[in-house]
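Work through the exercises below with the sequence and the coordinates at hand, trying each task before reading its solution.

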Amino acid sequence: MKLLLSNSKVIDVNSPYNGKIVDVFIEKGVISEIGKSIKAPAGTIELDGYTISPGFCDLNAHFNEPGGEHREDLRSGTKSAAFSGFTDVCVLPNTEPVIDSKSDVTYIKNTTANGVSIHVLGAVSEGCNGENLTEILDLENAGAIGFTDGLNPIWNTELLLKALQYVQKFKGLIINRPKDIHLSQFAQMHEGTVSTMLGMTGEPSISEEIAIKRDLDILRYAGGRLHFSQISAAASVELIKQAKKEGLDVTCDVAIHQLLYTEDNLMDYDSNYKVDPPFRSKKDQATLLKGLQNGTIDVIVSAHQPQDPENKELEFDLSTNGICSLPTFYSNLWKLSEKLPLDLLISKVTSSPRTILGLPNIMIDKGENARLAVFDSSMEWKFGQTTNPSKSINSPQWNTTLTAKCIAVVSGDKLHKN
């Protein structure tokens with residue numbers, strides 16, 4: 001394939017062309033020329049006047065296969081990912097059965113579709129139950145890129161300690177969702193003024209804070225690499241900031257919807273706003289944004305968790321957590337650029353996650369492999385039945401008009417249009 005991206009604005013903090021408008025010519029899967037007024041040879045596909053960046057990389061998405069294909073499967077999941085500019089996605093192990101064996105990893109790892117490569121996060125514990133350690137070395141040999149119990153916190157301190165010790169044999173990564181299972185039991189939302197007004201059981205921020213303090217103590221003792229998934233509280237940001245200053249090998253991410261919504265959005269009992277961790281206070285959200293800006297928070301994730309209507313169209317307290325967030329991800333990232341620089345935000349979904357995972361970095365420069373996303377940041381589009389690439393619709397943005405859209409991803413020598 002020959003592709004010319006004319007008059008393209010480059011958003012890539014690692015590229016010498018960051019912020020510049022240039023022509024980018026791609027041939028045989030490689031960026032062969034960058035400059036001005038490049039003439040396209042015969043047979044070239046031309047796209048003119050768009051924004052381009054390295055393809056996004058997601059550290060946290062749930063594609064439900066095997067076992068929950070009616071909500072999402074690998075093909076619809078990759079289509080949803082490409083729809084917002086992702087070329088790499090790490091899938092959670094909370095499937096049926098759980099991804100906790102070599103054959104499970106092999107089944108998922110060999111899937112590439114819609115220009116998106118799937119990376120497998122293997123379970124830390126058998127069945128993600130937190131009791132017995134999986135065969136981590138076997139999972140790594142089979143191709144698991146990291147280890148987590150996904151939607152479940154690693155509540156067992158001994159198991160977390162052993163996992164951190166095991167992965168040091170190959171410089172592996174443990175990912176944990178910080179949550180105290182007792183303080184969060186029966187919780188429907190964040191504990192605060194709004195939960196009191198609505199009469200719902202709340203989860204206090206200290207549930208996350210206590211879990212992070214515990215995990216950092218274990219990390220100091222055991223060593224290894226630890227990544228906190230979906231932090232949501234102001235105290236969490238400060239704890240991780242201090243741990244980094246101390247020299248601990250710790251990183252963290254935040255779900256994009258935590259940067260858009262707060263507990264106030266739950267006033268109408270709309271179950272599409274029910275997530276785990278819950279949306280917290282405006283103060284917490286402001287601290288999360290500051291943590292992104294100062295480098296404490298390394299990555300923004302989709303935390304894509306599709307649900308079927310049977311799980312969502314219920315009374316709030318009976319409904320299931322989760323937002324279908326991949327299809328709207330770039331539009332929401334663009335909205336966040338009103339608060340933080342767009343190139344900073346894009347670095348949080350391109351170079352930062354790849355560095356944490358040990359994947360090759362992607363840069364927009366001559367001689368680099370083409371793995372890119374192409375955006376129209378002025379396009380208005382309606383997120384609804386005719387545009388949704390996912391099997392699920394559990395989003396508070398359903399049937400709303402959004403701004404900015406990924407029009408294509410470039411993966412090697414192939415162009416995948418949305």
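**Exercise 1. Locate N399 and describe its backbone and exposure.**

Solution. N399 is found in the loop between β17 (371–383) and β18 (400–411), where helices (H or I, at least four residues) and strands (E, at least two) are DSSP runs numbered from the N terminus. Its phi is near 65 degrees, a positive value in a residue other than glycine. With a relative accessible area of 45%, N399 is partly exposed, since buried means under 20% relative accessible area, exposed over 50%, and partly exposed in between (1.4 Å probe, protein chains only).

Before going on, note that this is a predicted model, in which local features need pLDDT of at least 70 and side-chain atom pairs count only at pLDDT 80 or more, while totals for chains, interfaces and linings use all residues. Residues are numbered from 1 along each chain as its sequence is written, and side-chain values use heavy atoms, with hydrogens and water left out.

**Exercise 2. Determine where C128 lies, and whether C128 is buried or exposed.**

Solution. Begin with the position: C128 belongs to the loop between β9 (116–122) and α3 (136–142). Its phi, near 55 degrees, is a positive value in a residue other than glycine. The relative accessible area of C128 is 4%, and therefore C128 counts as buried.

**Exercise 3. Find the cis peptide bond that precedes P66 and the one that precedes P97, and place both prolines in the fold.**

Solution. E65 and P66 are joined by a cis peptide bond with omega of about 10 degrees, and P66 sits in the loop between β6 and α1. The bond from E96 to P97 is also cis, with omega near 5 degrees, and P97 lies in the loop between β7 (86–91) and α2 (102–109).

**Exercise 4. Examine the salt bridges of D308, R177 and K213, and say how far apart along the chain the partners are.**

Solution. A salt bridge is taken as a side-chain nitrogen of Lys or Arg within 4 Å of a carboxyl oxygen of Asp or Glu, and by this rule the count comes to 14 salt bridges.

- Step 1. D308 pairs with R71, the closest N and O atoms being 3.8 Å apart. This pair links distant parts of the chain, 237 residues apart, with D308 in the loop between β16 (299–301) and α9 (309–312) and R71 in the loop between β6 (56–61) and α1 (74–82). Both D308 and R71 are buried.
- Step 2. The side chains of R177 and D276 meet in a salt bridge at 2.7 Å, N to O. Here, too, distant parts of the chain are linked, 99 residues apart: R177 is in the loop between β11 (174–176) and β12 (189–190), and D276 in the loop between β15 (250–255) and α8 (282–294). R177 counts as buried because its relative accessibility is 2%.
- Step 3. K213 forms a salt bridge with E209, with 3.4 Å between the closest N and O atoms. Because K213 and E209 are 4 residues apart in helix α6, they are separated by about one helical turn. K213, at 41% relative accessibility, counts as partly exposed.
- Step 4. Salt bridges that share partners also join D88, R354 and R371 into one network.

**Exercise 5. Describe the positions of I210 and R214 in helix α6, together with their exposure.**

Solution. I210 lies in helix α6 (residues 206–222) and is partly exposed, with a relative accessible area of 36%. R214 is placed in helix α6 as well and is partly exposed, at a relative accessible area of 21%. The C-alpha atoms of R214 and P178, which are 36 residues apart along the chain, are separated by 9.4 Å.

**Exercise 6. Characterise the largest cavity and the largest pocket by volume and by lining.**

Solution. On a 1 Å grid over the protein atoms alone, a cavity is a set of points where a 1.4 Å probe fits but cannot get out, whereas a pocket is an open set with protein on both sides within 12 Å along at least five of seven lines; lining residues have an atom within 4 Å of a point.

- Step 1. The largest cavity has a volume of about 70 Å³. Its lining consists of 13 residues, of which Q230, H257, D276, A303 and Q305 lie nearest its centre.
- Step 2. The largest pocket holds about 340 Å³ of space. It is lined by 23 residues, with H62, N94, L151, Q305 and Q307 nearest its centre.

Definitions and conventions:
Points joined across faces, edges and corners; volume = space filled by probe spheres on them.
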